[in-house]
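Student: I've got the fold open on my screen, and I'd like to go through the labels people put on it. Can you take me from the numbers to the words?

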Amino acid sequence: QDNNEKDTSENDKIKELLVNGSGWTPVSAYDLTNNRESDLFEVYGSGIRYGGTLDFKEDGTFTKTIGVYAENYMGEYDIDVEKNKIYFTFETGMKMEGSYQYENEEITSVDIVEGADDWKYRVTLNKKTNAEAILN
């Protein structure tokens, strides 16, 4: 099995785990600009009370409906299995980068980087319910 075949099968496996685990819910935030722990209210405002998820689909598309959103919530994703990275391209052309933690044949969490030029947060998502995420 050459490297290309191995990457393709590994890519398919990771995609399947992301899709099967769909409904990734934000549970914590870290302020990358100021290098400190943060919270989801700081990143998403009061709209986070309504919860939300990041959902992956088998066809390589995603929806991100976290907090209050109007646009920039759908697009396509690519996986880099060598670096455990996920690259998101929204329908508007905006890009977002993420990563995943892969242990014991499972994806335990997904991280995404939210923000603009002057502020950035790493948001960690996992399979907790929205209620658990807000309370913790």
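Student: What makes a set of residues here the largest nonpolar core, and which residues have the most contacts inside it?
Tutor: This is a predicted model, so keep that in mind. The largest nonpolar core has 28 residues, and Leu 18, Leu 54, Phe 56, Phe 88, Val 110 and Ile 112 have the most contacts inside it. The name fits because the members are buried nonpolar residues joined through side-chain atoms within 4.5 Å. Helix H1 (residues 3–20) gives the most to this core, with four residues. In soluble globular proteins, nonpolar side chains tend to be buried together.

Student: What is Phe 88 in contact with, beyond four places in sequence?
Tutor: Its partners include Leu 54, Phe 56, Phe 62, Met 94, Met 96 and Ile 112. Glu 76, Tyr 77, Lys 95, Glu 97 and Gly 98 are also among them.

Student: Why does Asp 111 have no salt bridge?
Tutor: Asp 111 is buried, and the nearest side chain of opposite charge, Arg 122, is 4.2 Å away. A salt bridge needs the nitrogen within 4 Å of the carboxyl oxygen, so this pair misses the cut-off.

Student: How do you know that Asp 111 makes a polar contact with Thr 124?
Tutor: The two side chains come to 2.7 Å, and the cut-off for a polar contact is 3.5 Å, so the pair qualifies. Asp 111 lies in strand E8 (residues 106–116), and its contacts beyond four places in sequence include Arg 122, Val 123 and Thr 124, along with Glu 97, Gly 98, Ser 99 and Gln 101.

Student: Why is the pair Lys 64 and Glu 114 called a salt bridge?
Tutor: The closest N and O atoms are 3.2 Å apart, and the limit is 4 Å, so the name holds. Lys 64 lies in strand E4 (residues 61–66) and Glu 114 in strand E8, so the pair ties together parts that are 50 residues apart in sequence.

Student: Are Lys 64 and Glu 114 buried or exposed?
Tutor: Buried: Lys 64 has 11% relative accessibility, and Glu 114 has a relative accessible area of 11%. The label needs a value under 20%, so both get it.

Student: What makes Lys 85 and Glu 97 a salt bridge?
Tutor: Their closest N and O atoms are 3.2 Å apart, so the pair falls within the 4 Å cut-off. Lys 85 lies in strand E6 (residues 85–90) and Glu 97 in strand E7 (residues 95–103), so parts twelve residues apart in sequence are tied together. Lys 85 is at 26% and Glu 97 at 36%; partly exposed runs between 20% and 50%, so that is the label for both.

Student: How many salt bridges does a search of the whole structure find, and which residues form a network?
Tutor: The search finds five. Asp 31, Arg 36 and Glu 42 are joined into one network by salt bridges that share partners. Within that network, Arg 36 and Glu 42 have their closest N and O atoms 2.5 Å apart. Arg 36 is partly exposed at 33% relative accessibility, and Glu 42 is partly exposed at 34%.

Student: What is the pLDDT of the chain, and where does it stay under 50?
Tutor: The protein chain averages 86, and 85% of the residues score at least 70. The value stays under 50 over residues 129–133, for which the model has seven contacts beyond four places in sequence.

Definitions and conventions
Residues are numbered from 1 along each chain as its sequence is written. This is a predicted model: local features need pLDDT of at least 70, side-chain atom pairs count only at pLDDT 80 or more; totals for chains, interfaces and linings use all residues. Side-chain values use heavy atoms; hydrogens and water are left out. Helices (H or I, at least four residues) and strands (E, at least two) are DSSP runs, numbered from the N terminus. Buried means under 20% relative accessible area, exposed over 50%, partly exposed in between (1.4 Å probe, protein chains only). Lys and Arg count as positive and Asp and Glu as negative; His and the chain ends are not counted. A polar contact is a pair of N or O atoms within 3.5 Å; within protein, one must be able to donate a hydrogen and the other to accept it, and residues adjacent in sequence count only if both atoms are side-chain atoms. Contact means heavy atoms within 4.5 Å. pLDDT is the predictor's confidence in each residue, from 0 to 100.
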